[in-house]
Structure formats: structure tokens, C-alpha cells
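Biologist: I have a few questions about how the labels on this model were earned. Shall we go through them together?

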Amino acid sequence: MRDVAIIGVGQTKVGEHWDISLRHLALEALQAAMTDAGVARADALYVGNMLSGALDGQEHLGALVADFAGLRGIEAFKVEAACGSGAAALRMGYVAVAGELADIVVVVGVEKMTDKLGPEATSALAMAADGDYEAAQGASFVALNALLMQRYMYEYGYSHQDFAPFAVNAHKNGVNNPYAMFRFPVTTERFAKAKMICTPVNLLDSSPICDGAAAVVLAPADVAHALSAAPVRVAASAVGTDALAVHDRRDPMVLDGAVVSTRRAYEQAGVGPQDIDLFELHDAFSIMAALSLEAAGFADKGQGLRVALDGEIGLEGRIPVTTMGGLKARGHPVGATGMYQVVEVVQQLRGLAGANQVQDARIGMAQNIGGSGATVVTHILERME
Amino acid sequence: MSIPRNWRLQQQRYRLIGEICEKCGARIFPPRDVCPECEAPAKTPLAFSGRGEVYSYSTVYHPPQGFEEFAPYTVALVQLEEGPMVTAQLTDVDADRVRIGMPVEMVTRKVQTGGEEGAIVYGYKFRPTRFEHHSRQPD
């Protein structure tokens, strides 16, 4: 076993890229990362993606992207864990380098969701849920999160308007991220009037359907300084799972998968919540942000929303989240999201976050969630001095 | 939903047949063959009563494909009186009258229309019980 570092990152803008195909998006991010890392070859490639089959009629992305990128012949395959695919692919890359089976590994998360219309994308997303017992009952993915939000409000006495700080904070940070899909601020008044999708979830509680790709290059930490001016160490890489269906959870108000994943990650990195300088959490829906804060130990049960209401999630707060816009404003091209989160933590640790810079960022955490909490992949990254 | 898959799920959809774990007594729905509590094999069928209460609910205004005919509809997490929770649509009730804690009972209704092979899918939905108070059956 050996330490692993990230020596290069790359990303595309998140948006509706009708003019760019899946393989071209992946190539753009991959080439940007390899250029940043100063490498022309790789030993292995892992591609995180969820919906290429359902929406593009294309599977077998490992071989496709390797071939298209001029990396024909290397080890390559697609990694899938619903919306957790991006970080899951990074997990496989990490395992390969840590396990001394590969030296230079490229990981790319890519997703195209906007070639088809809304209802088709919505139906495809429902594949992250239990097909026989959730999706088949008419519970769309939004509806499952709405069920969680409704119960959360009931158990802890919050109003829907109390969730506004997540959208406001995310959009505020998205303004300064040139790769973000949405670069306009959102007010609490606008949140109150947003269109209802599935009660109580409205449009501003929900992340957008979009296209994008993001990539990193991994290398052994002991040679990272020779390869990169600003390498970042992967201090922890940990996965936890939970019951797939919300109705099978021990307590639907606790993301057990996230509790397990974060606990393992903190142990590996030798840190606790108080040491985390920024948290790229999985704000696919505002309720997920609140539950993620609790599962990671930043708030007691039922108090995750209180952290946001008390203004602690801003760039200068106790625990900055969605520092480059998050899933809400930067966007959520589902299989790529996990990689965007990691790329953004790297930018912060390198001091390259511009107006969104978290001061003295040394340790950042990225957490990618598949489905309504069934797969949780947590990475903790540390600046290498 | 494909016809074979629909057919395989009949017992669950029409009759709420789940399982009981012979080792630890856990009631399991939907059936899964490995007890989620003690991990022993669990294959003994158990017919659930269909009585339960609403744990949470949401009214869906933007349905996925196949459910457009029913929109807007209310979907709920229903805690069955035997313990397990299910996801199902509510029926025979106005959306604004649904409350967490509301007692409900299972009925069989049309759940999906069309689909790639045109099969109409029937299954369980839940409606408010006729009587506001009901007593739990002893085990």
C-alpha cells in the first residue's frame, strides 16, 4: 500500500451541450487533466457514468473513452453507482495506485442528460431507486427526496422556507465559478415562489438536469512533487452502503451509508469534523444537504438545517459547503458530479478558487451519494506542503 | 414494466405477501430471501394485513413516464402495522387532507398504464381506513 496524490485536474463547463457528444465531453475533461498533470500516457482509466445506456444508447464507456483519447490498450472500464458513479470511479483509481498495480491513473466522470426531454431523463434517474418497489409505484426520484423532506419538517418542526439558505449559498458561490451552469444569485423571496415539483420540494430545492465532465490524474504521492507544482494527497477514500429503498432504511432520517463512509474516511485520514476546512456535500436536493451535515458529524440529528439557518455554511463560516456552487448551482450531471466535487476541493487546496477561496484551506472533504443514500463515497484531500 | 417482471411480482402487488424470518421473527416486506435483521435465510411466506399509517407523503405534479394519467397524485411511505414500510400511492383521498399518522388500508388499483408492451399494471395503493381508530391485531 502507498499514499496517492492528485497531480492534475480538468473539467468542462456544466450546461446543455447539444453540440458536444458524450465522448467529446469526456475527452475535453480528460485532456485538460492530463495537460495539467503534464502526462501523455496512463496505466489505467476509470469512467464514472450512470445514464449513457438509458439516454444515449451507449455502454462500454471504458473502452470507448480510452480508444477515443488515444489510450487504446490500457486497462479501462465504466464504474456505476447511480449519482455516486463519479466518486466511485475515483475510488477504483485510488485502489489501483494505492495497491501498487498502476502508477498513473486517469479518472473521468461524464454525463449527458439534455439530449432527451425532461420526462425521459426523470424516468432514467428513477433507476437509482428500487425499480420493483419504489419507481414502479410512481415514486420518482424527486418524490423520494420529497418524502424525506416532508418527514424531516414534521419530526423537527421546520418550515419549507427554512431550507432556503442552501439554495442561496450555492447560487452565491456559483456566480464566481466560470464552469457553473447557473451564475446568478437567488434570494429567499425567489425560493418562496419557486414552482412546486413534488410537495414540499420546489424547483430551487432541486439540482438541474445538465451535461458535463470532470477528470483527475492520480499518481503515487512519493513522486507527486516531481510531477506537479501543486499536488494534493488523497488522505482518505471510503465507501459505505445502505438499504437501496428509503422504506427499508433503519431510520429514514439518518443516512447510515454516509455515517459509515465518513467514519471510515475520518479514521483513514486521522481527522475529525473539526479539522475539515470545506465540505463539497451532495446537495442534489436541499434535504440531502441537511442530512449530509448530520451524518458527517457537523450537526446533531435534526440540526443539520440549523447549521445553514445560523449562517455557518458560507465561505467564512464554520463549515463552508458547495463552495463553487455545488450540485444546485454548478450543476449535477449525475455520473460526473463526484469528479466535479473532487476537482473543486483540489482548486480550493491549491488556492485557485478565486473569489470563492476558503482562507487557509488545508483539508477538504468531498462526498458523493448514489440514489437516496444507498451508496456514499467520501474522499478527504490534504494540501501537500 | 415488462410482462414477465409484472407476473413475478404478482403475489406482492395483489396480496401483500412478504416473509417471516423463522430464526428471529422479523416480518419482511417486500420479500427478499435473506433476513435483513439476522441474515438467516428467510423464505416462509407471510400475508400482511394491509393496515398501516402514513409516515410521510408527497403530491407529485411532474410524474415520470407511465404515470402521467394519474398526475397529480400523492405517493406515501406507509408503515405497515407489522413493522415494515412500503412506498405506495394513496387513493380515495384529497391531497390536502393527507396527514402524517393517518391510518390507511391496502386496496388494489391500477398503478401504471401502457408501458413498452402495453400491460396495465395493478397493485397496492392505500386509502384512509373507514374508521379513524382501529385496534392492532394481536400477534
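Modeller: Gladly! One definition to start: the expected span of a helix is 1.5 Å times one less than its number of residues. Keep in mind that this is a predicted model.

Biologist: How do you know that the length of H1(A) agrees with what is expected of a helix?

Modeller: H1(A) has 16 residues, so it should span 22 Å, and its end C-alpha atoms are 23 Å apart, which agrees. Just after H1(A) comes Gly38(A), with a positive phi near 70 degrees.

Biologist: What makes H1(A) largely enclosed by the rest of the structure?

Modeller: A residue is buried if 20 or more other C-beta atoms lie within 10 Å of its own. In H1(A), 13 of the 16 residues are buried, so the helix is largely enclosed.

Biologist: Which residues make the contact of H1(A) with H3(A)?

Modeller: Contact calls for C-beta atoms within 7 Å. Arg23(A), Ala26(A) and Leu27(A) of H1(A) meet Leu64(A), Val65(A) and Phe68(A) of H3(A). By class, that contact has five nonpolar residues, one charged and no polar. The two axes come within 10 Å and cross at roughly 60 degrees, and the crossing is right-handed.

Biologist: How many residues of chain A are in contact with chain B, and which helix gives the most?

Modeller: On chain A there are 26, in contact with 26 of chain B. H6(A) gives the most to chain A's side, with six residues. That side has 14 nonpolar, eight polar and four charged residues.

Key
Residues are numbered from 1 along each chain as its sequence is written. Chains are lettered from A and ligands numbered from 1 in the order in which they are written. This is a predicted model: local features need pLDDT of at least 70, side-chain atom pairs count only at pLDDT 80 or more; totals for chains, interfaces and linings use all residues. Two residues are in contact if their C-beta atoms, placed from the backbone, lie within 7 Å. Helices (H or I, at least four residues) and strands (E, at least two) are DSSP runs, numbered from the N terminus. Ala, Val, Leu, Ile, Met, Phe, Trp, Tyr, Cys and Pro count as nonpolar, Asp, Glu, Lys and Arg as charged, and the others, Gly among them, as polar. Axes are lines fitted to C-alpha atoms, for helices over the stretch in contact, and angles run from 0 to 180 degrees between N-to-C directions. A crossing is left-handed if the near helix is turned anticlockwise from the far one by less than a right angle, and right-handed if clockwise. A residue is buried if 20 or more other C-beta atoms lie within 10 Å of its own, exposed if 12 or fewer, and partly exposed in between; C-beta atoms are placed from the backbone.
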